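Hi,

Here is the structure I promised to pass on. Please have a look at it first, and then read my notes below.

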Amino acid sequence: LWPVLVPLAFLALLLWIRNDVRAQRVGPVALACRFLWRDYDPAGGFLFWEVIDLVRKLFLASLVLFLDPEHGSSNMQRLFFATLISGFYLVVLAFARPFKRSEDLYFAGTANFFLMCCFASGVVIQLCESAAYDDDMCHTLVGFESARNASEFVVALTATMLALLLFVVLFKTISAARAPTIRLASSGRHPALELPSECSFHGFISHAWGTGQDQTHTVVRRLQLLLP
């Protein structure tokens with residue numbers, strides 16, 4: 001029941017709070033469910049992206065096991081569908097760009113690409129193992145002399161992908177730390193810009209109409225550049 005009830009529960013919560021989130025008037029329920037929507041762009045229609053991603057994860061982690069339960073572990077059907085779903089999701093992710101921050105999009109795309117490489121590597125190992133009775137078949141199909149060589153290649157590829165992922169995370173962390181922005185002194189995090197239901201504006205810059213318009217516009221533009 002968990003793979004069915006949890007996505008439905010998340011979907012029901014997002015349907016309940018969708019108007020408040022799109023209006024940036026966050027009530028108690030929307031605030032408690034921020035983990036479902038705060039990383040995505042509600043204005044672009046991606047408020048429900050977390051549900052889509054959850055269904056993808058459930059399929060790759062559990063539902064794929066229902067494909068050919070008797071012989072699925074010894075053939076490539078599961079790996080084929082897992083690779084297909086990962087590739088399709090990567091394309092949709094690249095075109096939709098559902099995240100508010102570009103860093104989250106890069107991380108999600110990189111992680112999904114590495115996942116697709118892992119499934120493709122599993123296909124290579126499965127091909128060589130199925131051709132173990134023929135010494136030349138593995139070399140003919142994928143270019144490796146044996147299943148052992150294919151496994152060694154997959155291990156090296158996995159280690160390389162992990163090293164690249166750590167490098168990307170480190171680079172993005174350093175870049176984000178050096179970028180000029182406004183952070184809260186209490187937590188060091190970006191301020192939450194969602195409006196409570198009883199508020200209409202984030203702030204108001206008072207100025208003299210005759211002499212302070214240019215200065216006020218300059219302050220507002222700089223705030224817009226620095227705020228997340």
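Let me start with helix α1, residues 2-22 (helices are DSSP runs of H or I, at least four residues, numbered from the N terminus). Its 21 residues should span 30 Å at 1.5 Å a residue, and this agrees with the 29 Å between its end C-alpha atoms; the expected span is 1.5 Å times one less than the number of residues.

A word on the source: this is a predicted model, where local features need pLDDT of at least 70 and side-chain atom pairs count only at pLDDT 80 or more, while totals for chains, interfaces and linings use all residues. Residues are numbered from 1 along each chain as its sequence is written, and side-chain values use heavy atoms, leaving out hydrogens and water.

In α1, the buried residues are V6, P7, L14, I17 and V21 (buried is under 20% relative accessible area, exposed over 50%, partly exposed in between, with a 1.4 Å probe and protein chains only). After α1 comes Q24, with a positive phi near 55°.

Helix α4 has 13 residues. Among its buried residues are W49, R56 and L60.

The structure also has 6 aromatic pairs (Phe, Tyr or Trp rings, using the six-membered ring of Trp, with centres within 6.5 Å; planes under 30 degrees apart are stacked, over 60 edge-to-face, the rest tilted). One of them is the tilted pair of W49 and Y89, 6.0 Å centre to centre with 40° between the planes. This pair joins α4 to α5, 40 residues apart in the chain. W49 counts as buried because its relative accessibility is 6%, and Y89 because its value is 9%.

Enjoy exploring!

Conventions:
Helices (H or I, at least four residues) and strands (E, at least two) are DSSP runs, numbered from the N terminus.
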